[in-house]
Amino acid sequence: MKGDRPYSDPEKAARRIMEHAKAFEPIQDGRIYIEKINRPIIDEDKATPGEYWAGLQHAIGQGWLEYHESGTFVRMKQAGKDLFA
């Protein structure tokens, strides 16, 4: 039997995504390339793509991240920065 998945809760997944976003030095206009957050949470943290997506949507819904319509990058909003203050 499988135990509970650590990122099945979107809140936990969102907070881990925010940790990955904070670890990346933003480039031009505060851009954080999406692969800088999705690769580590899926490959290193072993979240499923569905858990990652639910976490990302939660972070966006909380006003922590702004998702660009191209899908290639996010920007950390003030509320997201305040998580680490």
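Which residue just after α3 takes a positive phi? In this predicted model, that residue is G63, with a phi of about 80 degrees. The helix before G63, α3, covers residues 49–61 and packs with helix α1, residues 10–23. The points below treat this pairing and then α3 itself.

**Packing of α1 with α3**

- The axes of α1 and α3 lie 7 Å apart and form an angle of about 80 degrees.
- Angles of 65 to 115 degrees count as roughly perpendicular, and α1 and α3 are therefore roughly perpendicular to each other.
- On the α1 side, the contact is made by P10, E11, A13, A14, I17 and M18.
- These residues meet E51, Y52, A54, G55, L56, H58 and A59 of α3.
- By class, the contact of α1 with α3 comprises 9 nonpolar, 2 polar and 2 charged residues.

**Length of α3**

- With 13 residues at 1.5 Å a residue, α3 should span 18 Å.
- The end C-alpha atoms of α3 are 18 Å apart, which agrees with that expected span.

**Buried and exposed sides of α3**

- The buried residues of α3 are E51, Y52, G55, L56 and A59.
- They cover an arc of only 135 degrees around the axis, which puts them on the same side of α3.
- The other side of α3 carries the exposed residues P49, G50 and G61.
- Packing against the buried residues of α3 involves α1, α2 (35–44) and the strands β2 (65–67) and β3 (73–76).

Terms used. Residues numbered from 1 in each chain as written. Predicted model: local features only at pLDDT ≥ 70, side-chain atom pairs only at ≥ 80, totals over all residues. Heavy atoms only, no water. Axes fitted to C-alpha atoms, helices over the stretch in contact; angles between N-to-C directions. Helix = DSSP H or I, 4+ residues; strand = E, 2+ residues; numbered from the N terminus. Parallel < 35°, antiparallel > 145°, perpendicular 65-115°, else oblique. Contact = heavy atoms within 4.5 Å. Nonpolar A, V, L, I, M, F, W, Y, C, P; charged D, E, K, R; others polar. Expected span 1.5 Å × (residues − 1). Buried < 20%, exposed > 50% of the residue type's maximum accessible area, 1.4 Å probe, protein only. Arc of directions from axis to C-beta.
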